[in-house]
Amino acid sequence: MVKEGEQFVQAKGEPSVRDAGLIGAAQRVEHYEMAGYGTARTLAKRLGYQEIATILQQTLEEEGEADRKLTAVAENEVNVRATATSP
């Protein structure tokens, strides 16, 4: 995933299209992290580690919020510019 992001950073062409690709790469990282935190939280609950599960849930919510912000930036700004440049 990091390599994919690096490819977008180094890519030539329309900057807004590159930015759209970078946001997509960042969101894939967020989703990967969310899957990990969600799994760890569920296991912590099942093992009776409620305090740890609560912390993991908070982290999962923070990752979800970061993903929602990236979506908003993509949908309301970057993707609008990126698609405006297409023929």
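The following legends describe an overview and three close-up views of a predicted model.

**Figure 1. Overall arrangement of the predicted protein model.** The secondary structure consists of 3 helices and 0 strands. Read from the N terminus, the order of elements is α-α-α. The protein has 87 residues, of which 24% count as buried. Its exposed surface comes to about 6100 Å², and carbon and sulfur atoms supply 57% of that area. Among contacts with a separation of 6 or more, 56% are between residues 24 or more positions apart.

**Figure 2. Surroundings of R41 in helix α2.** The view is centred on R41, a buried residue that has no salt bridge. The nearest side chain of opposite charge belongs to E61, 7.1 Å away. This distance exceeds the limit for a salt bridge, because such a pair requires a side-chain nitrogen of Lys or Arg within 4 Å of a carboxyl oxygen of Asp or Glu. The side chain of R41 does take part in a polar contact of 3.3 Å with the side chain of T42. Leaving aside residues up to four places away in sequence, R41 touches A53, L56, Q57 and L60. These four partners lie within the span of helix α3, which covers residues 50-84.

**Figure 3. The salt bridge between E65 and R68.** A search of the whole structure finds 1 salt bridge. In the pair formed by E65 and R68, the closest N and O atoms are 3.2 Å apart. Both residues belong to helix α3, and because they are 3 residues apart there, about one helical turn separates them. E65 counts as partly exposed, with a relative accessibility of 34%.

**Figure 4. A nonpolar surface patch that includes Y49.** The patch is formed by L43, L47, Y49 and I52, which together have about 440 Å² of accessible area. Y49 is located in the loop that connects α2 (15-46) with α3 (50-84). The relative accessible area of Y49 is 48%, so the residue is partly exposed. This value meets the requirement for a place in the patch, because patch residues must have over 30% relative accessible area.

Terms used
Residues numbered from 1 in each chain as written. Predicted model: local features only at pLDDT ≥ 70, side-chain atom pairs only at ≥ 80, totals over all residues. Heavy atoms only, no water. Patch = residues over 30% accessible without salt bridge, like charges linked within 9 Å, V, L, I, M, F, W, Y side chains within 5 Å. Areas by Shrake-Rupley, 256 points an atom, 1.4 Å probe, with all protein chains shown as cover. Helix = DSSP H or I, 4+ residues; strand = E, 2+ residues; numbered from the N terminus. Buried < 20%, exposed > 50% of the residue type's maximum accessible area, 1.4 Å probe, protein only. Lys, Arg positive; Asp, Glu negative; His and termini not counted. Polar contact = N/O pair within 3.5 Å; in protein donor to acceptor, adjacent residues only side chain to side chain. Contact = heavy atoms within 4.5 Å.
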